[in-house]
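Trainee: I would like to learn how to read strands, pockets and cysteines in a protein model. Could we go through one together?

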Amino acid sequence: MVKFGLQFKANLENVTNVRPLGEDFRWFLKLKCGNCGEVPDKWQYVTLTESVPLKGGRGSASMVQKCKLCARENSIDILRDTITPYNASDNEKFKTMVQFECRGLEPIDFQPQAGFAAEGAETGTPFPEVNLLEKDWNDYDDKAKECVGIYEVTHRFIKC
């Protein structure tokens with residue numbers, strides 16, 4: 001099994017503590033079979049709330065799937081304790097936001113969607129409904145009387 005870290009990078013404007021919100025947050029990934037190299041066209045998601053037992057009583061994983069091309073059973077598990085917020089101090093730098101433990105799979109792409117949260121950098125104003133599907137998000141912090149935003153969202157995967 002191999003651990004992969006999802007590194008997040010963005011330009012933050014007057015916000016901090018960008019993070020996935022809740023145990024049901026969906027990490028949308030494209031996953032490559034480590035055996036045959038097959039990459040399905042569709043996005044697949046994993047969440048902390050889903051747990052599937054592995055064959056042979058080897059524990060459980062967030063998702064178990066059978067490769068459509070080679071029929072190999074592969075799995076991916078979210079490492080709960082590795083989920084880390086992206087803060088103002090991380091601005092425009094890659095930072096590992098979560099790690100996945102993979103058996104026979106390799107994450108090759110990530111699609112941020114709804115379910116992120118953030119807060120005002122100076123005021124702590126909560127922004128619980130941040131959608132990063134368009135790779136940009138903005139709002140207005142009434143307490144600080146200033147625009148807030150998350151721009152130029154990008155990512156990469158690293159082996160941990």
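Mentor: What follows is a short tour of a few features of this model, which is predicted.

Trainee: Let us start with a sheet. In what order do the strands of the open sheet of 3 strands lie?

Mentor: To read a sheet, list its strands by who sits beside whom. Here the order is β2-β11-β12, and the pairing is antiparallel. Strands β2 (15-20) and β12 (126-130) are the edges, since each of them pairs on one side only. From one strand to the next, the twist averages 20 degrees.

Trainee: Over how many bridges do β11 and β12 pair?

Mentor: Strand β11, residues 116-120, pairs with β12 over 3 bridges, in the antiparallel sense. To place one residue, look across to the other strand: A118 stands opposite F127 in β12.

Trainee: Now a hairpin. Which residue takes a positive phi in the hairpin of β13 and β14?

Mentor: Begin with the strands, then look at what joins them. Strand β13 covers residues 137-141 and strand β14 covers residues 146-159; they are antiparallel and share 5 bridges. One point of contact is N138, whose bridge partner in β14 is G149. The hairpin has 4 residues between the strands, and K145 is the residue with a positive phi, near 55 degrees.

Trainee: Next, empty space. How much space lies in the largest pocket, and what lines that pocket?

Mentor: Rolling a probe the size of a water molecule over the atoms shows where empty space is left. In this model the largest pocket holds about 210 Å³ of space. Its lining includes L31, C33, E38, P40, D41 and K42, and also Q65, K66, C67 and L105. Strands β3 (27-33) and β7 (63-66) are the elements that give two or more residues to that lining. Sorted by class, the lining has 5 nonpolar, 2 polar and 5 charged residues.

Trainee: Last, the cysteines. How many disulfides does the structure hold?

Mentor: The number is 0. To check a cysteine, find the closest other cysteine sulfur and compare the distance with the cut-off of 2.5 Å. For C36, the closest one belongs to C67 and is 3.6 Å away, so the two sulfurs are too far apart for a bond.

Trainee: Where do C36 and C147 fall between buried and exposed?

Mentor: Buried means under 20% relative accessible area and exposed means over 50%. C36 has 32% relative accessibility, so C36 counts as partly exposed. C147, with a relative accessible area of 43%, is partly exposed as well.

Conventions: Residues numbered from 1 in each chain as written. Predicted model: local features only at pLDDT ≥ 70, side-chain atom pairs only at ≥ 80, totals over all residues. Heavy atoms only, no water. Pairing = 2+ DSSP bridges. Axes fitted to C-alpha atoms, helices over the stretch in contact; angles between N-to-C directions. 1 Å grid on protein atoms, 1.4 Å probe; cavity = no way out; pocket = protein on both sides within 12 Å on 5 of 7 lines; lining within 4 Å. Points joined across faces, edges and corners; volume = space filled by probe spheres on them. Nonpolar A, V, L, I, M, F, W, Y, C, P; charged D, E, K, R; others polar. Buried < 20%, exposed > 50% of the residue type's maximum accessible area, 1.4 Å probe, protein only.
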